[in-house]
Amino acid sequence: MSIPDPISRRRFLAQSARFTLTLPLLSPTLITRTLGAENPLHFPDTPEWVIEARKRIPSCGVSKNFQTAGIAPSSTLAINEVASKLNYQNRFGPTDPRVSDMALIEPTLRAHLANVFGAHTDEVALTHSTSEGINIASWSLNWTDGDEVIISNQEHPANIVPWYNLRDRFGIVIRQIDLGIGTELVPEVENQLTKKTRMVSISHVSKNNGRALRTEHCADLAECLRSSGVAFHLDGAQGPGCIPVDFHELGSDCYSTCGHKWLLGPKGTGAFFVRKERLNDTLMSWTGAHSHDEFDYEGHFTLKDEASRFEFGTRALADFAGFDAAISWLEKLGLQRIMERIRELGQYAIDKANEMNGFGCSSPLDARDRSGIFVLRLPEGCNSWDVYYKLRDEDFIHTSPVRAERDLRIALHFFNTTDEIDESFKIIERYCRA
Ligand SMILES: Cc1ncc(COP(=O)(O)O)c(C=O)c1O
């Protein structure tokens with residue numbers, strides 16, 4: 001199972017602290033180089049729209065961001081929108097009628113997400129992370145001892161730990177399918193289905209090997225599970241903004257995602273999609289003021305008849321406004337154009353890796369299974385954690401180790417350039433040969 005090595009994590013935290021402490025000691029030249037204006041890269045084959053877009057992403061000129069699959073940089077549009085809405089909300093005080101239009105932020109964002117990602121507005125709940133959606137889904141059934149859930153061997157801890165917890169609380173059994181490259185989704189699941197299976201919860205795009213499930217395969221699986229009365233949840237943390245996503249076409253009962261990865265939104269934003277006809281079967285575990293339609297002090301309440309019933313309490317409206325602005329910006333750039341560029345950069349990285357002696361590719365080669373997550377297989381004897389730390393601390397190149405010891409994840413979003421890939425691969429080669 002993909003559990004981050006606790007020793008590595010401690011080391012990560014220790015190194016982060018060390019780096020923060022040493023930053024003020026860096027020479028002025030280095031600070032200018034790292035924190036200054038856009039690097040003088042030549043962008044020989046970078047389209048004009050990407051060069052222009054990079055100017056709107058403050059971190060683009062100062063570090064190489066291959067960590068969109070972890071946490072992405074935001075654009076000035078999203079950043080400014082959050083700041084301006086926070087200022088606006090507090091200008092007269094948040095309860096002042098002159099700022100009552102803040103209340104429109106959430107319905108506007110729900111409608112926007114629904115429109116872009118193939119859902120109805122009342123099928124969208126705004127959350128703070130993918131993990132929140134996964135928890136809504138995983139706690140949506142009345143689990144009993146011996147009930148079974150199917151996950152895969154390529155999950156993020158966010159789609160593993162909740163199941164361990166339910167196993168320990170209620171005695172559920174966790175089964176696993178193989179979502180390594182080249183396995184077949186529907187037969188894999190069918191092999192694990194039993195009379196006790198109650199839910200399948202798997203990644204739409206694996207953070208580990210970058211495999212994207214094909215829409216038609218998800219739809220086939222959804223049909224198969226529906227006929228068996230098994231709930232189907234997709235972890236879509238790596239979906240929207242990275243690959244084409246249409247919730248209705250995918251066919252899953254519910255889908256969890258976030259704003260802070262491929263959509264370049266503010267950190268701590270997310271969405272949970274649930275099919276209208278499955279809303280009442282998606283039982284509530286956490287609830288509160290604003291989940292209800294009606295309630296009284298005598299013990300009666302009715303829930304909202306829409307997915308927003310999963311939202312409650314005071315909300316981060318400025319962040320949600322920034323999330324909305326982030327999606328609008330990507331739409332303006334052209335989602336189709338963004339996907340094409342991600343595909344091109346992926347192919348470029350594959351070709352480069354093939355030219356490097358001893359290196360390989362651990363993510364899919366077939367364009368139909370690819371996402372923006374490219375995974376470089378390092379040569380024998382080379383450890384991805386070591387390379388990751390060096391790249392981060394010495395070169396301000398942000399990548400991520402993944403599960404296999406020699407796998408280094410290079411997430412390629414539209415704003416990355418072939419120059420960045422070339423330069424980074426050269427440095428990686430040097431570290432691995434040292
Ligand atoms: C596949 C997958 N699921 C879930 C998560 C957790 O996402 P969040 O931080 O939005 O909860 C991640 C984060 O990297 C992920 O890659």
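This is a dialogue on reading helix packing and a ligand shell in a predicted model.

User: Where do helices α4 and α11 lie along the chain, and at what angle do they pack?

Analyst: Helix α4 spans residues 76-91 and helix α11 spans residues 317-333, and the two pack at an angle of about 150°, with their axes 8 Å apart. Because angles over 145 degrees count as roughly antiparallel, α4 and α11 are therefore described as roughly antiparallel to each other. Their crossing is right-handed.

User: Which residues of α4 and α11 meet, and how do they divide by class?

Analyst: On the α4 side the residues are L77, A78, E81, V82, K85, L86 and Q89, and they meet L317, A318, D319, A321, G322, A325, A326 and W329 in α11. By class, this contact of α4 with α11 holds 10 nonpolar, 2 polar and 3 charged residues.

User: How should I read the angle between α13 and α14?

Analyst: Helix α13 (residues 384-395) packs against helix α14 (residues 418-433) at about 125°, the axes being 10 Å apart, which makes α13 oblique to α14. The crossing of this pair is right-handed. V387, K390, L391 and D395 of α13 make the contact with I427, I428, Y431 and C432 of α14, and these residues comprise 6 nonpolar, no polar and 2 charged.

User: How many residues surround the ligand, and which are the closest?

Analyst: The ligand is surrounded by 14 residues, of which S129, S131, H156, K207 and A237 are the closest. Sorted by class, the shell around the ligand has 3 nonpolar, 9 polar and 2 charged residues.

Terms used:
Residues are numbered from 1 along each chain as its sequence is written. This is a predicted model: local features need pLDDT of at least 70, side-chain atom pairs count only at pLDDT 80 or more; totals for chains, interfaces and linings use all residues. A residue is near a molecule or strand if its C-beta atom, placed from the backbone, lies within 6 Å of it. Ala, Val, Leu, Ile, Met, Phe, Trp, Tyr, Cys and Pro count as nonpolar, Asp, Glu, Lys and Arg as charged, and the others, Gly among them, as polar. Axes are lines fitted to C-alpha atoms, for helices over the stretch in contact, and angles run from 0 to 180 degrees between N-to-C directions. Helices (H or I, at least four residues) and strands (E, at least two) are DSSP runs, numbered from the N terminus. Angles under 35 degrees count as roughly parallel, over 145 as roughly antiparallel, 65 to 115 as roughly perpendicular and the rest as oblique. A crossing is left-handed if the near helix is turned anticlockwise from the far one by less than a right angle, and right-handed if clockwise. Two residues are in contact if their C-beta atoms, placed from the backbone, lie within 7 Å.
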